[in-house]
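Trainee: I would like to learn how to read a structure feature by feature. Could you walk me through one?

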Amino acid sequence: MTQAEKEQDNGKEKDKERDKEKEKEQQRGVKRPIAPPTIPDPLQEQIQSNFVVVIHPGSRTLRIGRATDTLPLTIPHVIARRHKQSGQPRYEDAWLLREGLNKPESNEQRQNGLKMVDQAIWSKKMSNGVRRTPVSAEQARAYNCQIRPAVLDSSSRVKWTNTAHHPPHLVGEEALHVNPSDCYNIHWPMVRGQLNVHAGPGGSLTAVLADLETIWSHVIQKQLDIPLKDLKYYRCILLVPDIYNRQHIKEVVNMLLLNMGFSAIIVHQESVCATFGSGLSSACVVDVGDQKTSLCCVEDGVSHRNSRLCLAYGGSDVTRTFFWLLQRAGFPYRDCQLSSRLDCQLLQHLKEIFCHLDQVCIGQGVGSFGSAPMGLFYPTTFGIVGQKMTSLQYRSQGDSEDPHDEHYLLSTQSKQDQSSKSAADRKAVSRPGGGLDGEMRMKGEMELGPAQGECLMGAGEVEEPLSAHLSRKTAIMSQFESKALGLDKAILHSIDCCASDETKRKMYSSILVVGGGLMFHGAQEFLLHRIINKMPPSFRRLVDNVEVITRPKDMDPRAAFVW
């Protein structure tokens, strides 16, 4: 018998053995498993980046573009709407003016703040070790009053937007240059990072949403060259502040999906997008905008809730302080008014030229009024009285239209989770907002007396009803929110709210400054110096290198969020 014949016989014997095994299994009643039919994996739709529109709405500037764009379009976030009836009174949202500036205590507070700024400037030594010679405001005013101002010719006058064809609305630069004598109302739909809902004309939620829809639709159609009927093929990424009004965001999302017609939308927080756009995994993000400054610690793409903080001041407050310093120094443009749109633009331009935070040059030459950015560290300089200056993260109040809102999730938690949460809340009495007790201990900056300080520090050791704890916590947070923290103290507070020392160490090693409100020469070194001097001594030994990043990847910090 050949080898091939032997192999063939062996194969036949194996087949017979398998057949016998199957017969035995059938006799025993053993069922063999049936292999399920192969189901092909569903095809995943490939998302094309050029069909994704990113919208970052700011209080003064709208940044918008495709996800594939190197840089976004930047336009003034303003709209001018023509009067519907002749003789209708004209209305214009304020630019540099705000509530709280005309209180009886405003001027006194502003003067006290300016004294603190002057003292901080003149106490610093120059690079050669010599102390600066103070220049009084009277000396600067006497000198400047001797200078004859240059008179501009007619060719340099502003060119107003042509409204002869009576357009129903104008957007961006065209709206910004509408002649005040024309029959148009001027609206800024965002204020301090939130929807500009107020009691005046065009201040209802419906009107503000209509303004946003008109501005965004105009820019998408005219400047991105996307027909509005084609938005059903596009997706949207919407950037929102870290501390936001949930109901307002819901209305904006509905407007984008239902009115404008985007096929899908994703909402991202600004701080997380800033770390992504800057190429950082973790950072303490400091976003200094035109009207608000927000802070948040981000670790591995997660925004730490307790570290979120929003300060109700920004670049426009620096511009207004710059104007007051110009007046004190005898600025020759006597007719400059904060209520004038064009004068606001002029002051903004002059601020960008002359203001700085260079510790070598500050206080010299134009430094007597060029040091307006110091107001970010001494916010009493802004002269704002009776306004909420600091906002912390609160829990959502719930949504009656959402059956799975936060209240539902809390009510369906297990008893163990609820009990552990209650214990954590009681422990947090002495730390409202995460790290408030540390801030209140800082040399009496929160103006708390010894008895109040002892109450705060000892409260964690006393058992009390949760309702009493919550009411006391609310009172403490209200007192905290009425104070205006300086930028450096706010950074320390935000980092102190992080849960672990390791996270705090990461944050000190990567302080990311974005937005356009701190784009002054010398700002990086100045902020770094103040952080190092005021950070807790225990962390000075733990942190190898405190780093302040003001131009991530050498790009414009105003566009460092996604692009």
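Trainee: Let me begin with charged pairs: which residue forms a salt bridge with Arg530, and how far apart are the closest N and O atoms?

Mentor: A good place to start, and please keep in mind that this is a predicted model. The general idea is to look for a side-chain nitrogen of Lys or Arg within 4 Å of a carboxyl oxygen of Asp or Glu. Here the partner of Arg530 is Asp488, with the closest N and O atoms 2.8 Å apart. Arg530 lies in helix 18 (residues 523-534) and Asp488 in helix 16, so the salt bridge ties together parts that are 42 residues apart in sequence.

Trainee: Are Arg530 and Asp488 buried or exposed?

Mentor: Both Arg530 and Asp488 are buried. For the helix that holds Asp488, the picture is similar: helix 16 is mostly covered, with 9 of its 10 residues buried. Among them are Asp488, Lys489, Ile491 and His493.

Trainee: How many salt bridges are there by this rule?

Mentor: The count comes to 16. One of the others pairs Asp118 with Arg328, where the closest N and O atoms are 3.6 Å apart. Asp118 belongs to helix 2 (residues 106-122) and Arg328 to helix 8, so this pair connects parts that are 210 residues apart in sequence. Asp118 is partly exposed, with a relative accessible area of 23%, and Arg328 is partly exposed too, at 28%.

Trainee: What about Asp556 and Arg558, how do their side chains meet?

Mentor: They meet in a salt bridge, at 2.8 Å from N to O. Asp556 is partly exposed, with a relative accessible area of 25%, and Arg558 is partly exposed with 33%. Salt bridges can also share partners, and in that way Arg90, Glu92 and Arg341 are joined into one network.

Trainee: Let us go back to helix 16. How should I read its packing against helix 17?

Mentor: Two packed helices are described by the angle between their axes and the distance between the axes. In this case, helix 16 (residues 487-496) and helix 17 (residues 501-508) pack at an angle of about 150°, and their axes are 9 Å apart.

Trainee: Which residues meet there?

Mentor: Helix 16 brings Leu492, Ile495 and Asp496, and helix 17 brings Lys504, Met507 and Tyr508. By character, the residues of this contact divide into 4 nonpolar, no polar and 2 charged.

Trainee: Now the nonpolar core. What is the general idea, and which residues touch the most other members?

Mentor: In soluble globular proteins, nonpolar side chains tend to be buried together. The largest nonpolar core here has 72 residues, of which Val286, Ile491 and Leu518 touch the most other members. Helix 8 (residues 315-328) gives the most to this core, with 6 residues. Val286 shows what such a position looks like: leaving aside residues up to four places away in sequence, its contacts include Leu295, Leu487, Ile491, Ile511 and Val513. There is also a second, separate core of 30 residues, which includes Ile79, Val171, Met190 and Leu212.

Trainee: How do I read a sheet?

Mentor: Take the strand order, then the pairing, then the edges. One open sheet of 3 strands has the order 5-4-6, with antiparallel pairing. Strand 5 and strand 6 (184-187) stand at the edges with a single partner strand each, so one side of each has no neighbour in the sheet. From one strand to the next, the twist averages 20°.

Trainee: How many bridges join strand 4 to strand 5?

Mentor: There are 3 bridges between strand 4 (residues 79-82) and strand 5, which run antiparallel. In one example, Ala80 has Leu170 in strand 5 as its bridge partner. Helix 5 (residues 205-222) packs on the sheet, touching strand 4, strand 5 and strand 6, and its direction makes about 110° with that of strand 4.

Trainee: Last, the backbone. Where does His166 lie, and what is its phi?

Mentor: His166 is in the loop between helix 3 (137-144) and strand 5 (169-171). Its phi is positive, about 55°, although His166 is not a glycine. With 48% relative accessibility, His166 counts as partly exposed. Arg192 is another such case, with a positive phi near 50° in a residue other than glycine. Arg192 sits in the loop between strand 7 (190-191) and strand 8 (194-195), and its 29% relative accessibility makes Arg192 partly exposed.

Technical notes. Residues are numbered from 1 along each chain as its sequence is written. This is a predicted model: local features need pLDDT of at least 70, side-chain atom pairs count only at pLDDT 80 or more; totals for chains, interfaces and linings use all residues. Side-chain values use heavy atoms; hydrogens and water are left out. A nonpolar core is a set of buried Ala, Val, Leu, Ile, Met, Phe, Trp, Tyr and Cys residues joined through side-chain atoms within 4.5 Å. Buried means under 20% relative accessible area, exposed over 50%, partly exposed in between (1.4 Å probe, protein chains only). Helices (H or I, at least four residues) and strands (E, at least two) are DSSP runs, numbered from the N terminus. Contact means heavy atoms within 4.5 Å. Axes are lines fitted to C-alpha atoms, for helices over the stretch in contact, and angles run from 0 to 180 degrees between N-to-C directions. Ala, Val, Leu, Ile, Met, Phe, Trp, Tyr, Cys and Pro count as nonpolar, Asp, Glu, Lys and Arg as charged, and the others, Gly among them, as polar. Two strands pair if DSSP finds at least two bridges between them.
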